Amino acid sequence: MTQVASPAPVLTRLGAVVRAARDSRPLTSLSGDQLAMGLSGLCLVHCLATTIFFASIASVGGVFLDNHLFHEIGLIIAIGFALVTLLSGVLSHGYMMPFAVGSFGLGMMAGALSRPHDGSEVVATMIGVAVVALGHDLNRRARH
């Protein structure tokens with residue numbers, strides 16, 4: 001006799017998805033720090049993907065993703081987000097540590113732009129991005 005799978009596991013998974021969607025917040029309710037941490041994550045993905053891509057295909061020249069102007073514009077955007085969110089955090093909660101940590105990370109990112117293209121600039125950038133994200137996380141936690 002063939003047994004038919006019970007629909008209960010499917011309904012359980014569907015119920016979990018519905019609850020997760022109901023409990024999620026819209027993008028407009030995210031704080032600036034959360035958006036900045038998301039952008040930091042995208043920067044890390046960019047660094048890793050570009051490194052893996054160019055390492056696996058050595059003959060490909062980086063026209064767009066390896067362009068210095070692209071990275072300089074990204075740094076300007078990161079500095080803009082940091083100024084808005086971290087400075088507003090200092091004015092809101094009065095703690096300087098998130099601003100100091102974020103600024104240190106931005107300095108590491110800026111310094112990475114001057115490093116030679118031997119892989120060390122990717123490591124320095126990724127560490128700087130992680131430190132900036134830590135500053136935004138500290139800022140977000142200090143607000144609550």
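This report describes the fold, core, surface and salt bridges of a predicted model of one protein chain.

**Overall fold**

The protein chain contains five helices and zero strands. Along the sequence, its elements follow the pattern α-α-α-α-α. Of the 144 residues in the protein chain, 25% are buried. Contacts between residues at least 6 apart in sequence are mostly long in range, since 70% of them join residues at least 24 apart. The protein chain exposes about 9500 Å², and carbon and sulfur atoms supply 72% of that area.

**Helix H3**

Helix H3 covers residues 68-93. H3 has 26 residues and spans 36 Å from its first C-alpha to its last. This is close to the 38 Å expected at 1.5 Å a residue. Several positions in H3 are buried: Leu75, Ala78, Ala82, Thr85, Leu86, Gly89, Val90 and His93. After H3 comes glycine 94, which has a positive phi, near 85 degrees.

**Nonpolar core**

The largest nonpolar core is made of eight residues, namely Leu75, Ala78, Ala82, Leu86, Leu106, Met109, Val129 and Val132. Three helices each supply at least two residues of this core: H3 (68-93), H4 (97-112) and H5 (120-143). The most comes from H3, with four residues.

One member of the core, Val129, can be followed through its contacts. Leaving out residues up to four places away in sequence, valine 129 touches Ser40, Cys43, Leu44 and Met109. Of these partners, Met109 is itself listed in the core.

**Glycine 89 and asparagine 139**

Glycine 89 lies in helix H3. Glycine 89 counts as buried because its relative accessibility is 0%, which is under the 20% cut-off. Beyond residues up to four places away in sequence, the contacts of glycine 89 are Gly94, Asn139 and Arg143. Gly94 is the residue with positive phi that follows H3. The C-alpha atoms of glycine 89 and phenylalanine 99 are 8.0 Å apart, and the two residues are ten apart in sequence.

Asparagine 139 sits in helix H5. Asparagine 139 has a relative accessible area of 0% and is therefore buried. With residues up to four places away in sequence again left out, asparagine 139 touches Asp33, Thr85, Leu86, Gly89, Val90, His93 and Pro98. Among these partners, Thr85, Leu86, Gly89, Val90 and His93 are buried residues of H3. Leu86 also belongs to the largest nonpolar core.

**Nonpolar surface patch**

On the surface, a nonpolar patch is formed by Leu39, Leu42, Leu69, Ile73 and Ile77. Together these residues have about 460 Å² of accessible area. Helix H2 (32-56) and H3 each give two or more residues to the patch. H3 provides the largest share, three residues. H3 thus appears both in this patch and in the largest nonpolar core.

Leucine 39, one of the patch residues, is located in helix H2. Leucine 39 counts as partly exposed because its relative accessibility is 37%.

**Salt bridges**

Side chains of opposite charge can pair when their charged atoms come close. The structure holds two salt bridges. The table gives each pair with its closest N and O distance.

| Pair | Closest N and O atoms |
|---|---|
| Arginine 140 and aspartate 137 | 2.7 Å |
| Aspartate 137 and arginine 141 | 2.9 Å |

Arginine 140 and aspartate 137 both belong to helix H5, where they are three residues apart, about one turn of the helix. Aspartate 137 and arginine 141 also both lie in helix H5, four residues apart, about one turn of the helix. Through shared partners, the salt bridges join Asp137, Arg140 and Arg141 into one network.

How buried or exposed is each member of this network? Aspartate 137 counts as buried because its relative accessibility is 15%. Arginine 140, at 23% relative accessibility, counts as partly exposed. Arginine 141, at 54% relative accessibility, counts as exposed.

Definitions and conventions:
Residues numbered from 1 in each chain as written. Predicted model: local features only at pLDDT ≥ 70, side-chain atom pairs only at ≥ 80, totals over all residues. Heavy atoms only, no water. Core = buried A, V, L, I, M, F, W, Y, C linked by side-chain atoms within 4.5 Å. Buried < 20%, exposed > 50% of the residue type's maximum accessible area, 1.4 Å probe, protein only. Contact = heavy atoms within 4.5 Å. Expected span 1.5 Å × (residues − 1). Areas by Shrake-Rupley, 256 points an atom, 1.4 Å probe, with all protein chains shown as cover. Patch = residues over 30% accessible without salt bridge, like charges linked within 9 Å, V, L, I, M, F, W, Y side chains within 5 Å. Salt bridge = Lys/Arg side-chain N within 4 Å of Asp/Glu carboxyl O.
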